[in-house]
Amino acid sequence: MELLERADALATLDGLLVSPGGAIALVTGEAGAGKSALVGAFAATTRARVLWGSCDPLLTPRALGPLHDVARQVGGVLADRLAALHAATEAERRGAVFDALLDELTGPRPGRRTVMVVEDAHWADGATLDLIAYVGRRLARHPALLVLTVRDDELGAEHPLHAVLAGLPRPLVRRLPLPALSTDAVAALARTAGRSLNGLYQATGGNPLLVTEVLAATGPGVPPTVRDLVLARLAALPPPAREVAALVSVVPSRAEAYLLDDRPPAAVQECLDRGVLVSVGNAVAFRHELLGRAVRESLSPVRRVALHAAVLARLTPRADVDAARLVHHAHHADDPEAVLRWAPVAAERASRAGAHLQAADHLAVVLPHAAGLPTPRHAELLEAYATAAYLAGLAAQALAARREALALREADGDPLRIGENLRWVSRLCWWTGDSPAARAAGTRAVQVLESAPPGRQLAMAYSNMSQLLMLADENRRSIDWGNRARELARRLGDVETEAHALVNVGSARLQGGDVAGIIELERGHTLAAAHHLDDHAARALVNVATLTVEWHRVTPAAEALDRALRFTTSRDLDGYTRHLLGYRARLRLATGDWAGARSDAEQALAGAAQPGGSLVPALAALGRLSARRDEPTTHLDTAARWAAQSRELQFVVPVAAALAERHWLAGEPGPAVAELRRAYRLAIEAGQPWFAGELAYWLWRIGEPVGDIGVLASPYRRLIEGDWAGAAEEWQQLGCPYARAEALACGDDPAAGEALRILDGLGAVAVVRRVRADLRGRGMARVPRGPRPATAAHPTGLTARQREVLVLLADGLSNAEIAARLSLSIRTVDHHVSAVLGKLAVPSRGQAAASARRQGLVPPT
């Protein structure tokens, strides 16, 4: 069938292939939109080398499926390293595999570039998503083309692919959405096929696949659905051919020749000749997954089970079959024995590849069949699932499984296993926001394990108590328990507990203001990473990053956050990643990158529901930003609920300050006072000068007495003492423009005018309104009026000068060139560019230019 209305997309792919550097093409559309047809047409006409990989709709996707496809095409180093990965116990070998793929894509081939196609990326497993992120982030320096096909109608709001795509370098990504065909195109196809147009567009909606299938049908009329269409075509096949189609329909993606070698070759050929199936290398498949689904859903449940059993029987003896496929067919064949055999194997392989979510999914399949197993084996499977789910960020599910395992262990009477599960219950209670339950379970774990001979479980229970105390800002007790754990761990040769305790002790020291704690955190990270203890290694980096943010060490904090995010994202540690994104949003909010703050916070909140305090930083940052910009939001209310449940300063303080700011902006500060005072007392008791300083500032701002201010961080103390200029200078040195504007707003008339200019540039309309009211209330003679009416009427709130800067920025001029053109200082232009990015809510100059062109703010290129 002719490829219509896709010339622009083909031309774009051709253009990307000859661009100076690398590029990423994201071909999107609903099922049947012609994504594979477009990429196939491009591959057929290009001189480039094209490598193909596919993601499969297995019950749980196979880890690194597309990479296996590519390795079979190219062999060599990539295939060798991939084989080593499956045989290895070290997760780090995955990096070597990724490097080998990058070498394959970018190696020297004079006059010939390489294209890598990843089909159906919406079915990608966690490890493949990491691969896409890894390759995509490096294409700026390598002349290769990565093509991803994605069914955007199957990408829900919580799909992990969103986060991967958001992290790709924006200038390299070109989206190629494939819309439905127009009525003219459908009419042209109908004329070519010699068929009537009557009802064709209405029945298909212009979906190229449906149009093609309807026009290929031999019966009269237009079948109303793909299912009816496929069944009508199947009815015309001989019974042996229908049996072949039924078997292929239960095999995800494609059926290899060996799965069909007991079927009559003529029946397979009949399916190919009639267009029901197509050849795909050494296998056959439906031309589109929708067609296979239609056939599969037409089968009776009994028939589907029998077909899955037949496929499983063919796959099981083969050594080259991925365990994920065996789990898929065993589950649908309702074969508990096979599920119990293969699901743990598939989970272990997925976990080794860093795909913890896939590991949890595999084990979730096996759990319903585990009730009849001996109690110890049933408990082991629950514990394995709980660990995988925890690493994948599914804390609530992990907690439920751990509690079930604990009940089984208690019935069995094994104190070591009971204590170990109690310690895990403690950890997971903290992750789900119940700190009192975490402390109770942790205390009971120690009591149970101290009744048995000292062992690894007791050492980790001690370290767990150290961690809980550190999180509660009881730093001295945390260090005592941590040292107790380290001493026992050393006697036992328990490296895991030693690394865990090092992280706790280092965090407690750093939290208490002792920067030497960073040394112990680095030692803990190095020790954990060397022994492939991803959770402990990640926690060390997370604590360094978040504590550095809390102590307002802006530049080191940005570097520490980026380092921690690289580690957690590369290992599928989603819970940590989302927590870190919330902290980076908080940092960007402080440093004036409000577009970046919004992006990070929204990305953190885009995943599955995650109870507990880990998302409080993202909720607080987004709620604060919305309040300052006078946008409706409920994020602060949600954050307040989780913070109150956690009872920990790291969550309570930012929320209390954010709520105080919101009430102050509304002119009703009274409701914030009680929580401010409670949080302030806790911060003082914990000896946290920055937490106490921010809370004291808000108490002072709304007219409440503060008391002794000697313990407060310097810029807050200076402002409360009346040295607004000194406070503003300190915030300037730290790189925090909003806090600087807050200090300047408390100063003389010129300082207040400067504060309003900063706030206007940030788009803090609610704050500007409140500050102007305060300035009038204190008798300021001439309060700056803010943006001119023309600026206020402008859709983005840009001033005339900012619009001039935007036009030149869109033309590609640097800040120095813009300054020369407009006879301004470079520093002034820097401020204008920052304001433009903020008002357009974009993080980069390139995106500002693109957004301006879309909105018609600058002439088109």
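Two strands are counted as a pair if DSSP finds at least two bridges between them. The views below show a predicted model.

**View 1. Strands S7 and S8 pair as an antiparallel hairpin.** Strand S7 covers residues 277-280 and strand S8 covers residues 283-286, and 4 bridges join them. Within this pairing, Val278 has Ala285 of S8 as its bridge partner. The hairpin has 2 residues between its strands. Gly281 lies in the turn and has a positive phi of about 65°.

**View 2. Helix H28 buries one face.** Helix H28 comprises 17 residues, 554-570. At 1.5 Å a residue the helix should span 24 Å, and this agrees with its end C-alpha atoms, which are 24 Å apart. The buried residues of H28 are Val554, Ala557, Ala560, Leu561, Ala564, Leu565, Phe567 and Thr568. Seen down the helix axis, these buried residues fall within an arc of 165°, so they line one face of H28. Thr555, Glu559 and Arg566 are exposed, and they sit on the face turned away from the buried side.

**View 3. Several helices cover the buried residues of H28.** Among the covering elements are helix H26 (517-530) and helix H27 (534-550), together with helix H29 (574-590) and helix H37 (724-734). After H28 comes Asp572, whose phi is positive, near 60°.

**View 4. The largest nonpolar core has 242 residues.** In soluble globular proteins, nonpolar side chains tend to be buried together. Leu101, Leu146 and Leu695 are the residues with the most contacts inside the largest core of this model. Helix H33, residues 649-665, gives the most to this core, contributing 12 residues.

**View 5. Leu101 makes contacts beyond its sequence neighbours.** When neighbours within four places in sequence are left aside, Leu101 is in contact with Leu67, Val70 and Leu78 as well as with Met116, Leu131 and Val135.

**View 6. A second core is separate from the largest one.** This second core has 20 residues, including Val805, Leu808, Ala810 and Leu837.

**View 7. Cys55 is buried, as is Cys429.** The relative accessible area of Cys55 is 3%. For Cys429, the relative accessibility is 2%. Both values are under the 20% cut-off, and therefore each residue counts as buried. A disulfide is a covalent bond between the sulfur atoms of two cysteines. A search of the whole structure finds 0 disulfides.

Technical notes
Residues numbered from 1 in each chain as written. Predicted model: local features only at pLDDT ≥ 70, side-chain atom pairs only at ≥ 80, totals over all residues. Heavy atoms only, no water. Disulfide = S-S within 2.5 Å. Buried < 20%, exposed > 50% of the residue type's maximum accessible area, 1.4 Å probe, protein only. Helix = DSSP H or I, 4+ residues; strand = E, 2+ residues; numbered from the N terminus. Expected span 1.5 Å × (residues − 1). Arc of directions from axis to C-beta. Contact = heavy atoms within 4.5 Å. Core = buried A, V, L, I, M, F, W, Y, C linked by side-chain atoms within 4.5 Å.
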